[in-house]
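Work through the exercises below with the sequence and the model side by side. Try each task before reading its solution.

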Amino acid sequence: MTTSNHQVVRDFLAALRGGALTDDRITDDFEGWTVLSGPVDRATYQKAFGIFATIFEGGGPTLTIRSLTAEEDRVVAEFTSDGTLVNGDAYHNEYLFLFRVRDGRIAYVGEYFNPDVVRQKIAPAMAAAMTRASK
């Protein structure tokens, strides 16, 4: 039985809350892209994915999916993200992710979001968390 591309993306977004992007969710040649960083390789994306959940109280933001649209190997997910950062700041952003799915795993994700909110709230928290993780 094959998992639908919709479900593959739902599972990916659920994993984002817990910070566990396991190898079985993404292809060996996975590529990411974000508005702020441009291209992101597999190892860097997985590391950032894991750290992302640690900067929120309760293990990650709450994602509310507004829509999932799938055609061929592509899925577009429109969702919001809300949470409280460990420093007490409230966080809210609107997202549009473009996924390419191959053989039941994510091969590509492009992340579109309000970069100002990420620069102001997420980037400093991620930098601090990455510094802690490297010690």
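## Exercise 1: Two turn residues

Asp-103 sits in the loop between β5 and β6. The model is a predicted one.

**Task.** Is Asp-103 buried or exposed? What is the phi of Glu-72?

**Solution.**
- Step 1. Take the accessibility of Asp-103. Its relative accessible area is 76%, so Asp-103 is exposed.
- Step 2. Check the backbone of Asp-103. Its phi is near 55 degrees, a positive value in a residue other than glycine.
- Step 3. Go to Glu-72, in the loop between β3 and β4. Its phi is near 50 degrees, again positive in a residue other than glycine.
- Step 4. Take the accessibility of Glu-72. The relative accessible area is 64%, so Glu-72 is exposed.
- Step 5. Place the turn. β3 and β4 form a hairpin with 2 residues between them, and Glu-72 is in that turn.

## Exercise 2: The sheet

**Task.** What is the strand order of the open sheet? Which strands stand at the edges?

**Solution.**
- Step 1. Read across the sheet. The 6 strands follow the order β2-β1-β6-β5-β4-β3, and the pairing is mixed.
- Step 2. Find the edges. β2 (38-41) and β3 (62-71) each have a single partner strand, so one side of each is left without a neighbour in the sheet.
- Step 3. Look at the twist. Neighbouring strands are turned by 20 degrees against each other on average, direction ignored.
- Step 4. Add a helix. α1 (residues 5-18) packs on the sheet and touches β3, β4, β5 and β6 (105-113). Its direction makes about 155 degrees with that of β3.
- Step 5. Add another helix. α3 (residues 115-134) lies across β5 and β6, at about 115 degrees to β5.

## Exercise 3: Strand partners

**Task.** How many bridges join β4 to β5? Which residue stands opposite Ala-77 in β5?

**Solution.**
- Step 1. Count for β4 (residues 74-84) and β5 (residues 90-102). They run antiparallel and are joined by 11 bridges.
- Step 2. Find the partner in β5. Ala-77 stands opposite Phe-97.
- Step 3. Turn to β3. Antiparallel to β4, β3 is joined to it by 9 bridges. Here Leu-68 stands opposite Ala-77.
- Step 4. Move to β1 (residues 26-34) and β2. These strands run antiparallel, with 4 bridges. Gly-32 stands opposite Val-40 in β2.
- Step 5. Close the β1 and β2 hairpin. There are 3 residues between the strands.

## Exercise 4: Aromatic rings

**Task.** How many aromatic pairs are there? Is the pair of Phe-79 and Tyr-95 stacked or edge-to-face?

**Solution.**
- Step 1. Take the total. The count comes to 12 aromatic pairs, with ring centres within 6.5 Å as the cut-off.
- Step 2. Examine Phe-56 and Tyr-91. The centres are 5.7 Å apart and the planes are at 70 degrees, an edge-to-face pair.
- Step 3. Locate these rings. Phe-56 lies in the loop between α2 (42-54) and β3, and Tyr-91 lies in β5, so the pair ties together parts 35 residues apart in sequence. Both Phe-56 and Tyr-91 are buried.
- Step 4. Examine Phe-79 and Tyr-95. Their centres are 5.0 Å apart and their planes are at 10 degrees, so the pair is stacked.
- Step 5. Locate these rings. Phe-79 is in β4 and Tyr-95 in β5, so this pair ties together parts 16 residues apart in sequence. Both Phe-79 and Tyr-95 are buried.
- Step 6. Widen the view. Ring pairs link Phe-79 and Tyr-95 into a cluster with others, including Phe-12, Phe-30, Tyr-45 and Phe-97.

## Exercise 5: Helix against helix

**Task.** At what angle do α2 and α3 pack? Which residues of α2 meet α3?

**Solution.**
- Step 1. Take the geometry. The angle is about 105 degrees, and the axes of α2 and α3 are 9 Å apart.
- Step 2. Classify the angle. α2 is therefore roughly perpendicular to α3.
- Step 3. List the contact. From α2 come Lys-47, Ala-48, Ile-51, Phe-52 and Thr-54. They meet Ile-122, Met-126, Ala-129, Met-130 and Ala-133 in α3.
- Step 4. Sort by class. The contact of α2 with α3 has 8 nonpolar, 1 polar and 1 charged residues.

Definitions and conventions: Residues are numbered from 1 along each chain as its sequence is written. This is a predicted model: local features need pLDDT of at least 70, side-chain atom pairs count only at pLDDT 80 or more; totals for chains, interfaces and linings use all residues. Side-chain values use heavy atoms; hydrogens and water are left out. Two strands pair if DSSP finds at least two bridges between them. Axes are lines fitted to C-alpha atoms, for helices over the stretch in contact, and angles run from 0 to 180 degrees between N-to-C directions. Contact means heavy atoms within 4.5 Å. Rings of Phe, Tyr and Trp (its six-membered ring) pair if their centres lie within 6.5 Å; planes under 30 degrees apart count as stacked, over 60 as edge-to-face and the rest as tilted. Buried means under 20% relative accessible area, exposed over 50%, partly exposed in between (1.4 Å probe, protein chains only). Angles under 35 degrees count as roughly parallel, over 145 as roughly antiparallel, 65 to 115 as roughly perpendicular and the rest as oblique. Ala, Val, Leu, Ile, Met, Phe, Trp, Tyr, Cys and Pro count as nonpolar, Asp, Glu, Lys and Arg as charged, and the others, Gly among them, as polar.
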